[in-house]
Amino acid sequence: MRIPPRNTQALAVALLGGATGLTLAILVFVIVFILGKGLPVLSLGFLLDNPQEMGKAGGIFPTLVGTLILPLAAIIIALPAGVGTAVYLSEYTVENPATRIIRFGTDCLAGIPSIIFGLFGFIFFVTTLKMGWCILSGALTLAIMVLPTIIRTSEEAIKAVPASYREVSCSLGATRWETVLKVVLPNALPGIVTGVMLSIGRCIGETAAVIFTAGASLRLPHSVFDSTRTMAVHFYILAREGISNENAFGTAAVLILSVLLVNSVSYWMMHRFISRRTK
Amino acid sequence: MHQTGDKLIKWLLMALAFTALTSLLLIAIFIFKEGVPFIARVGFKDFLLSSDWQPQAGHFGIYPMIVASLLVTLGAMLVGAPLGIACAVFLNEFVPKHVTRIIKPTIELLAGIPSVVYGFIGVVVVAPLIRSQFGGPGLSMLCASLILGVMVLPTIISISTDVLASVPNAFREGALALGATRWQSVHMVILKAGRSGIVAAVILGMGRAIGETMAVIMVAGNTPQIPHSVLDSVCTLTAKIAIEMGSATGAHRQALFAIGVVLFIMIMMFNSIAMMAIKKRFAGK
């Protein structure tokens, strides 16, 4: 028996549309559920107080500080390496075996799961280099983790700068480096910042790579050699050890809001960057 | 003066360009250095194929964890692949461009939600639901598969959408001109043309699922056993590493790194297959 094409078409639209609707519904549910239970817990005190009894009571202030410092430190380390790689690949060389190996390495790095980064950070930075659980160990580990993202977005952004800009700059007598510094990078900036924002978003939500490298100390860090606990790690510990569901929801709400904020800003910037480029 | 300065900068940038590759090598070297001698000492077969994991007694068999990781990944793909591919097809072929431009970034936000949050949703919403509807402990293979299936959606959707968008418009127009409906053009022409790329998207999704840790720890129950049903609690490779890493020393810690080696090799295999498939597609263009 043959089903008429008109009916299979209608059935397909219904099923595929249903799948898309379901995906969107899951997204909305996750966000609404967490915010619905978490927002009532939030208050200025929750954000600015120190936790008491391992987080059972009190606020989340030290984890807020950790969540600010750790991604920033990671970006400070990853940005020069990432943008440098992108500049080298797009401005200083042509496709050859060396660039192919570099690209292959970047692609592989992007696929490594965070638990492997955690293991590596622990055995290399914490143990072998004797740095211990500290912000610096965590930041170096996260920097390696986000490096592929920064390289890729920077390269895309640099490639999008019109060749005529470079030609004009060179014809005015600028060296290649001057052209990169004064013409290419300023024009690629929005794209690079997008990559940075996406990376910060990933660092904020990261747990496995952070818990084994930066530790989980609830004390306020005084230097990069102190251990810290990020919101994601705090939330994980609260939820997994059943310390306080209420505070877990509150922390999750702050966590989700920060990630959504960072990601929305980066999408908005990417969108503006693309629409300016195609004008 | 200018000349030498520029040359110096070129060398500096080249050195920076090797950071990613160097990091990758360092990661591989340090994890293998801890793990491989251990596997050699215990014996390849005893490590991979024994079910006896008792670190105190010196027994390190990871067979149940390998089975659990593969089954949970398979389960996640059964949930995530049809849903993700359906989404990508719908957004690319059935919906006007300006609607897609709003929905796609919204779905990509799914990727930004931290994995611990998914795990938490699994614990407080999905697991109780499974417990009351189907029985069993709730925290189970089924729960892990559902949560991971949702977590791999952004990967599958965004790569599949790119693949479908790269299918030349002439293919669509040709099919429609021959009197095919949209759906006929999709399943007879476009999905066939994009097959290798969609397979790559699914394999990359598998790589993500098998490497996911925190969400799985929270929802899989973590009993190291060969599951008899989807409602049984299981312990994956990643979960084993993360749970015992904090307290492990000596041979026990090396054993966890050896699990890391197994995981590293599995993921590298998945990813190289997917990368080759994608490269071949776009190189042919």
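This report walks through a predicted model, looking at its chains, their contact, the shared core and a few single residues.

Start with how far to trust it. The model as a whole scores ipTM 0.91 and pTM 0.92. Chain B averages a pLDDT of 91, and 98% of its residues score at least 70. Within chain B, confidence bottoms out in helix α5 (residues 97-112), with a mean of 84, and peaks in helix α7 (residues 141-151), at 96.

**Chain B on its own**

Chain B is built from 14 helices and two strands. Its C-alpha trace spans about 75 × 70 × 30 Å along the principal axes. Of its 285 residues, 49% count as buried. Take the contacts in chain B between residues at least 6 apart in sequence: 73% of them join residues at least 24 apart.

One helix to look at is α13 (residues 237-245) of chain B. Seven of its nine residues are buried, so this helix is largely enclosed by the rest of the structure. The buried ones are Leu237(B), Thr238(B), Ala239(B), Lys240(B), Ile241(B), Ala242(B) and Met245(B). Notice that a lysine, Lys240(B), is on that list.

**Where the chains meet**

The contact between the two chains takes 65 residues from chain B and 69 residues from chain A. On the chain B side, helix α2 (residues 19-42) gives the largest share, with 10 residues. Sorted by class, that side of chain B has 46 nonpolar, 14 polar and five charged residues.

**Chain A and its two domains**

The domain assignment splits chain A into domain 1 (5-41) and domain 2 (44-277). Their centres, taken over C-alpha atoms, are 30 Å apart. Where these domains touch, domain 1 of chain A puts in seven residues and domain 2 of chain A puts in eight. The domain 1 side of that contact has five nonpolar residues, one polar and one charged.

**The shared core**

The largest nonpolar core holds 177 residues, and the members that touch the most others are Ala74(A), Val117(B), Ile147(B), Val219(B) and Ala220(B). Helix α4 (residues 63-94) of chain B supplies the largest share of this core, 15 residues. Both domains of chain A give residues to the core as well, so the core lies between them.

Which residues does Val117(B) contact, leaving aside its neighbours within four places in sequence? They are Val30(A), Ile34(A), Ala252(A), Leu255(A) and Ile256(A).

**Three residues to click on**

Here is how Leu129(B), Lys130(A) and Asn222(B) sit in the model.

| Residue | C-beta neighbours within 10 Å | Exposure |
|---|---|---|
| Leu129(B) | 12 neighbours | exposed |
| Lys130(A) | 7 neighbours | exposed |
| Asn222(B) | 18 neighbours | partly exposed |

Leu129(B) belongs to helix α6 (residues 115-134) of chain B. Leu129(B) and Cys143(B) are 14 residues apart in sequence, with 9.5 Å from C-alpha to C-alpha.

The other two residues have positive phi values without being glycines. For Lys130(A), phi is about 55 degrees, and the residue lies in the loop between α5 (114-128) and α6 (135-159) of chain A. For Asn222(B), phi is near 65 degrees, and its place is in the loop between α12 (214-219) and α13 of chain B. That second loop leads you back to α13 of chain B, the helix that is largely enclosed because seven of its nine residues are buried.

Methods:
Residues numbered from 1 in each chain as written. Chains lettered and ligands numbered in written order. Predicted model: local features only at pLDDT ≥ 70, side-chain atom pairs only at ≥ 80, totals over all residues. Helix = DSSP H or I, 4+ residues; strand = E, 2+ residues; numbered from the N terminus. Nonpolar A, V, L, I, M, F, W, Y, C, P; charged D, E, K, R; others polar. Buried ≥ 20, exposed ≤ 12 C-beta atoms within 10 Å, placed from the backbone. Domains from an automatic or database assignment. pLDDT = per-residue confidence, 0-100. Core = buried A, V, L, I, M, F, W, Y, C linked by C-beta atoms within 7 Å.
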